[in-house]
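Visitor: I am new to this structure and would like to be led through it one question at a time. Could you show me the sequence and the fold before we begin?

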Amino acid sequence: MVLKKKKIKSKKKIVSKKKIVKKVVAKKKPAKKRAQPKKVVKKENANLVEGKIVGVVTHYFPKVSAAAIKLSGQLSSGDNIKIKGHTTDLTQSIDSMQLDHVTINSAGKGKEIGLLVSSRVRKQDKVYKI
């Protein structure tokens with residue numbers, strides 16, 4: 001007689017790793033604010049300057065301390081001007097004025113002139129004749 005060997009099944013312990021589950025919490029949306037009407041402030045009234053506007057600064061050259069100005073009115077040597085902007089407030093008389101690198105005494109509407117200034121000016125500063 002032949003003896004049969006019994007197959008013995010061994011039980012393996014299966015150790016499972018615990019799954020770490022992160023909970024995602026939805027953020028609360030902020031409550032919508034009511035749209036309030038915006039207050040309208042006219043820029044011309046906010047920057048009242050005595051005198052007539054005669055131009056706008058288009059460029060500043062710091063090495064020679066000069067400004068390029070696009071004129072919208074008449075300007076001549078000896079006139080007193082005020083250059084007013086967001087951070088600029090400059091009053092001076094015109095000593096030197098140039099058009100295409102040629103010294104001139106007066107210039108009219110539509111011309112872009114070079115003007116020596118005593119301190120820094122910025123683009124879009126307004127030029128007033130006082």
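Guide: One cut-off is useful at the outset: a residue is called buried when its relative accessible area is under 20%, exposed when that area is over 50%, and partly exposed in between. Please also keep in mind that this is a predicted model.

Visitor: Is Asp79 buried or exposed?

Guide: Asp79 is placed in the loop between β3 (75-76) and β4 (80-84). Its relative accessibility is 15%, and a residue counts as buried under 20%. Asp79 is therefore classed as buried.

Visitor: Which elements make up the protein, and in what order do they run from the N terminus on?

Guide: The protein has one helix and 10 strands. Read from the N terminus on, the elements run α-β-β-β-β-β-β-β-β-β-β.

Visitor: Which strands stand at the edges of the open sheet of eight strands?

Guide: The open sheet has eight strands in the order β5-β4-β10-β1-β2-β9-β6-β7, and their pairing is antiparallel. Two of these strands have a single partner strand each, so one side of each is left without a neighbour in the sheet. The strands at the edges are β5 (89-93) and β7 (102-103).

Visitor: How many bridges pair β4 with β5, and how many join β4 to β10?

Guide: On one side, β4 and β5 form a hairpin with four residues between them, and Lys82 has Thr91 in β5 as its bridge partner. Towards strand β10 (residues 126-129), which runs antiparallel to β4, Ile83 stands opposite Val127. The pairing of β4 and β5, also antiparallel, has five bridges, while the joining of β4 to β10 has four.

Visitor: Which residue in β9 is the bridge partner of Met97?

Guide: Strand β6 (residues 97-99) pairs with strand β9 (residues 112-116) in the antiparallel sense, over two bridges. In β9, the bridge partner of Met97 is Leu115.

Visitor: Which residues does Asp79 touch, not counting residues up to four places away in sequence?

Guide: Within the stretch around the loop, the side chain of Asp79 reaches the backbone nitrogen of Ser76 at 2.9 Å. It also makes a polar contact with the side chain of Lys129, at 3.5 Å. Leaving out residues up to four places away in sequence, Asp79 touches Gln92, Ser93, Ile94 and Lys129.

Visitor: How many residues apart in sequence are the parts that Lys129 and Asp79 tie together?

Guide: Lys129 forms a salt bridge with Asp79, with the closest N and O atoms 3.5 Å apart. Because Lys129 lies in strand β10 and Asp79 in the loop between β3 and β4, the pair ties together parts that are apart in sequence by 50 residues.

Visitor: Is Lys129 buried, exposed or partly exposed?

Guide: The relative accessibility of Lys129 is 31%, and partly exposed is the class between 20% and 50%. Lys129 therefore counts as partly exposed.

Visitor: How many salt bridges does a search of the whole structure find?

Guide: One salt bridge is formed by Lys129 with Asp79. Another is formed by Lys82 with Asp89, whose closest N and O atoms are 3.2 Å apart. The number found in a search of the whole structure is two.

Visitor: What share of the residues in the protein is buried?

Guide: The accessible surface of the protein comes to about 12,100 Å², and 55% of this belongs to carbon and sulfur atoms. Among the 130 residues in the protein, the buried share is 25%.

How values were computed: Residues are numbered from 1 along each chain as its sequence is written. This is a predicted model: local features need pLDDT of at least 70, side-chain atom pairs count only at pLDDT 80 or more; totals for chains, interfaces and linings use all residues. Side-chain values use heavy atoms; hydrogens and water are left out. Buried means under 20% relative accessible area, exposed over 50%, partly exposed in between (1.4 Å probe, protein chains only). A polar contact is a pair of N or O atoms within 3.5 Å; within protein, one must be able to donate a hydrogen and the other to accept it, and residues adjacent in sequence count only if both atoms are side-chain atoms. Contact means heavy atoms within 4.5 Å. Accessible areas come from the Shrake-Rupley method with a 1.4 Å probe; for residues, only the protein chains shown count as cover. Two strands pair if DSSP finds at least two bridges between them. A salt bridge is a side-chain nitrogen of Lys or Arg within 4 Å of a carboxyl oxygen of Asp or Glu.
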